[in-house]
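Let's take a walk through this structure together, one piece at a time. Have a look at the picture first, and then we'll pick a starting point.

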Amino acid sequence: MKLLVIIVQDDDVQAVQNRLLEEKIGVTKLSSSGGFLKRGNTTLLVGAEDDQVALVKQIIKDKCESRIEMMPSIPVIAQGIITASEPLEVKVGGAIYFQIDVEEFKKF
Ligand code: 2BA
């Protein structure tokens, strides 16, 4: 069994969750936020049997889009003068995926 930790953009969560539920694959949704953009995203925890892992990856690939986000300008102080940095375009990927071996799984 594997524990999959998948970070997705909030806009894609519903579609991913619906497909996982259709396939009867359990999922836990955690509210999270990115360290760089400091915007909300969602972390999904999926306990998957080894033979379900490929299907979960395919669902993620199908349902998660990469998008361009704007990082707003921030005040910058240089040589005592306050200016504003240029707004920055940041490409946020479809999803970030981690796969971990599960030593033991129990339901109490
Ligand atoms: P954020 O940390 O808010 O990052 C959003 C996007 O900003 C990233 O998209 C990446 O394109 C860019 N970015 C991140 N750090 C950067 C930096 N130091 N300089 C320039 N650009 C940077 P993704 O790579 O698709 O990541 C989307 C979200 O997934 C991240 O949101 C973070 O919440 C999570 N994530 C990404 N890599 C991770 C990792 N190695 N461990 C844990 N979480 C991760």
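Start with D12: setting aside its neighbours within four places in sequence, D12 is in contact with K63, C64, E65, R67 and G94. Keep in mind as you look around that this is a predicted model. D12 itself sits in helix α1. Is D12 buried or exposed? With buried meaning under 20% relative accessible area, D12 counts as buried because its relative accessibility is 4%.

From helix α1, it's a short hop to the sheet. Helix α1 lies across β1, β2 and β3, and its direction runs at about 20° to β3. There's a second helix to find here too: α2, residues 53–63, packs on the sheet and touches β1, β3 and β8. The direction of α2 makes about 170° with that of β8.

So how is the sheet itself put together? It is an open sheet of 4 strands, in the order β2-β3-β1-β8, with antiparallel pairing. On average, neighbouring strands in this sheet are turned by 20° against each other, if you ignore direction. Now, which strands stand at the edges? Those are β2 (28–33) and β8, and because each has a single partner strand, one side of each is left without a neighbour in the sheet. As a bit of background, strands of a sheet pair through backbone hydrogen bonds, either parallel or antiparallel.

Let's zoom in on one of those pairs. Strands β2 and β3 run antiparallel and are joined by 6 bridges. You can trace some of the pairing by eye: S31 stands opposite T42 in β3, while K29 has L44 of β3 as its bridge partner. Together β2 and β3 make a hairpin, with 6 residues between them.

That turn holds a residue worth a pause. K38, in the loop between β2 and β3, has a positive phi near 60° even though K38 is a residue other than glycine. K38 counts as exposed because its relative accessibility is 66%, and the cut-off for exposed is over 50%. Another lysine deserves a look as well: K24 is found in the loop between α1 and β2. K24 is not a glycine either, yet K24 has a positive phi of about 60°. At 74% relative accessibility, K24 also counts as exposed.

Our last stop is the largest pocket, which holds about 390 Å³ of space. How many residues line the largest pocket? There are 19 of them, and Q9, L37, G40, N41 and V92 lie nearest its centre. Several elements you've already met come back here: β1 (2–8), α1 (10–22), β3 (40–48) and β8 (95–101), along with β7 (88–92), each supply at least two residues of the lining. Which of them gives the largest share of the lining? That is β7, with 3 residues. Sorted by class, the lining has 8 nonpolar, 6 polar and 5 charged residues.

Conventions
Residues numbered from 1 in each chain as written. Predicted model: local features only at pLDDT ≥ 70, side-chain atom pairs only at ≥ 80, totals over all residues. Heavy atoms only, no water. 1 Å grid on protein atoms, 1.4 Å probe; cavity = no way out; pocket = protein on both sides within 12 Å on 5 of 7 lines; lining within 4 Å. Points joined across faces, edges and corners; volume = space filled by probe spheres on them. Nonpolar A, V, L, I, M, F, W, Y, C, P; charged D, E, K, R; others polar. Pairing = 2+ DSSP bridges. Axes fitted to C-alpha atoms, helices over the stretch in contact; angles between N-to-C directions. Contact = heavy atoms within 4.5 Å. Buried < 20%, exposed > 50% of the residue type's maximum accessible area, 1.4 Å probe, protein only.
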